[in-house]
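Biologist: Could you take me through the largest pocket of this model, and then through the parts of the chain around it? I would enjoy a close look, with the numbers where you have them.

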Amino acid sequence: MEGRTALVTGAARGIGLACAKAIARDGARMVLADIDAEGVREAADRIGGLGLACDMGDAGAVDDLFEHIGREVGPLSVLVNCAGIAEPGDFLETSLDSFRRVIGVNLVGPFLATQRAARSMIEAGRGGAIVNMSSINAQVAIPSIAAYCASKGGLAQLTRASALALAPHGIRVNAVGPGSIDTAMLASVNADPAALEMVMSRTPLKRLGTPEEIGEVVAFLASEKASYITGETIYVDGGRLGLNYVC
């Protein structure tokens, strides 16, 4: 990816940071964005890039982010929409504000970022690649994270629709759907042997995935190695979605 500029959102830690590292190793100039201003700047310093604070659930902040990138960096060739939140709770007690926050960050944010990035790619006339961070919960549901499941299901369709809309401009749009990955979001599961055993019972490969394994798939989809792939979601889940029953 020499000579290309990539933006990764949600890049201060976890899967987002792993995506940024993998793409940086392929030679791209990196821009990292995250709501954690200090964390994203430290991450950008470590991998060599620009770190910018942005709440992807705030439409004005997303506009400001792309204005800054346009002024200071130039057009993007790659966008990775990785910023995401989950607010677990009882379905009947979930507030409308909580539901809207999750949808705002996980679905509206990627929509706005995809629009802005695509416009800059079209103006530059070089095409590009967009990768969305989906989840196996686009396919299977957990009642305590209904908004998260809804957001990832919507993101799967946004990936398909935007891939069709942007194909004439040479812009590919794909998604990666992680299963159980060893991140801070799964820390409570890791600390509970019974919960971890339950996760392993529904994971044929019998282990958690790593952020780096997700990052490598994202980097592949962002690269010319995936030049004939668009509108697809690749599930990196240790075989979970193929599991019909648990022994």
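Modeller: Happy to; what follows starts with the largest pocket, moves on to helices and loops, and ends with the second largest pocket. Please keep in mind that this is a predicted model.

Let us begin with the space itself. The largest pocket holds about 1,200 Å³. Its lining is made up of 44 residues, and those closest to the centre are Ala86, Tyr148, Thr183, Met185 and Leu186. Five helices each give at least two residues to this lining: H1 (14-25), H4 (96-124), H5 (146-166), H6 (187-190) and H7 (193-201). Sorted by class, the lining residues come to 24 nonpolar, 12 polar and eight charged.

Leu186 is a good place to pause, as one of the residues closest to the centre of the largest pocket. You will find Leu186 in the loop between strand E6 (171-178) and H6. With a relative accessible area of 16%, Leu186 is buried, because the cut-off for that class is under 20%. Setting aside neighbours within four places in sequence, Leu186 is in contact with Ser180, Ile181 and Leu208. For a sense of distance, Ser135 is 51 residues away from Leu186 in sequence, and their C-alpha atoms are 14 Å apart in space.

Tyr148, also among the residues closest to the pocket centre, brings us to H5, where Tyr148 is one of the buried residues. H5 has 21 residues and runs 30 Å from its first C-alpha to its last, close to the 30 Å expected at 1.5 Å a residue. Besides Tyr148, the buried residues of H5 include Ala147, Cys149, Ser151, Lys152, Leu155 and Ala156. Further along the helix, Leu158, Thr159, Ser162, Ala163 and Leu166 are buried as well. The cover over the buried residues of H5 includes H4, strand E5 (128-133) and E6.

Ser162 deserves a look of its own within helix H5. Its relative accessibility is 9%, so Ser162 counts as buried. The side chain of Ser162 reaches the backbone oxygen of Thr159 at 3.3 Å. Leaving out neighbours within four places in sequence, Ser162 is in contact with Thr114 and Val173.

Just ahead of this helix, Pro143 sits in the loop between E5 and H5. Here the picture is one of exposure: Pro143 has 64% relative accessibility and therefore counts as exposed. Not counting residues up to four places away in sequence, Pro143 touches Gly89 and Phe91. Pro143 and Glu87 lie 56 residues apart in sequence, with 12 Å between their C-alpha atoms.

Now to H1, another of the helices that supply at least two residues to the lining of the largest pocket. H1 has 12 residues and spans 17 Å from first C-alpha to last, close to the 16 Å expected at 1.5 Å a residue. Its buried residues are Ile15, Gly16, Leu17, Ala18, Cys19, Ala20, Ala22 and Ile23. After H1 comes Gly27, with a positive phi near 105°.

H6 and H7 also contribute to the lining, and two residues in the loop between them can be compared. Ala191 lies in that loop and, at 64% relative accessibility, counts as exposed. Asp192 is found in the loop between H6 and H7 too, but at 36% relative accessibility Asp192 counts as partly exposed. Some long separations go with these two: Ala191 and Gly74 are 117 residues apart in sequence and 44 Å apart in space, C-alpha to C-alpha. Asp192 and Ala6 are 186 residues apart along the chain, and 37 Å separates their C-alpha atoms.

Beyond H7, the loop between H7 and helix H8 (211-222) holds Lys206. Lys206 has a positive phi of about 60° although it is not a glycine. Most residues other than glycine have a negative phi.

Finally, the second largest pocket has about 250 Å³ of space. It is lined by 13 residues, of which Phe66, Gly70, Pro75, Ser120 and Glu123 are the closest to its centre. Helix H3 (59-72) and H4 are the elements that give two or more residues to this lining. By class, the lining of the second largest pocket has five nonpolar, three polar and five charged residues. H4 thus brings us back to the start, as H4 also supplies at least two residues to the lining of the largest pocket.

Notes: Residues are numbered from 1 along each chain as its sequence is written. This is a predicted model: local features need pLDDT of at least 70, side-chain atom pairs count only at pLDDT 80 or more; totals for chains, interfaces and linings use all residues. Side-chain values use heavy atoms; hydrogens and water are left out. On a 1 Å grid over the protein atoms alone, a cavity is a set of points where a 1.4 Å probe fits but cannot get out, and a pocket is an open set with protein on both sides within 12 Å along at least five of seven lines; lining residues have an atom within 4 Å of a point. Grid points are joined across faces, edges and corners, and a volume is the space filled by probe spheres set on the points. Helices (H or I, at least four residues) and strands (E, at least two) are DSSP runs, numbered from the N terminus. Ala, Val, Leu, Ile, Met, Phe, Trp, Tyr, Cys and Pro count as nonpolar, Asp, Glu, Lys and Arg as charged, and the others, Gly among them, as polar. The expected span of a helix is 1.5 Å times one less than its number of residues. Buried means under 20% relative accessible area, exposed over 50%, partly exposed in between (1.4 Å probe, protein chains only). A polar contact is a pair of N or O atoms within 3.5 Å; within protein, one must be able to donate a hydrogen and the other to accept it, and residues adjacent in sequence count only if both atoms are side-chain atoms. Contact means heavy atoms within 4.5 Å.
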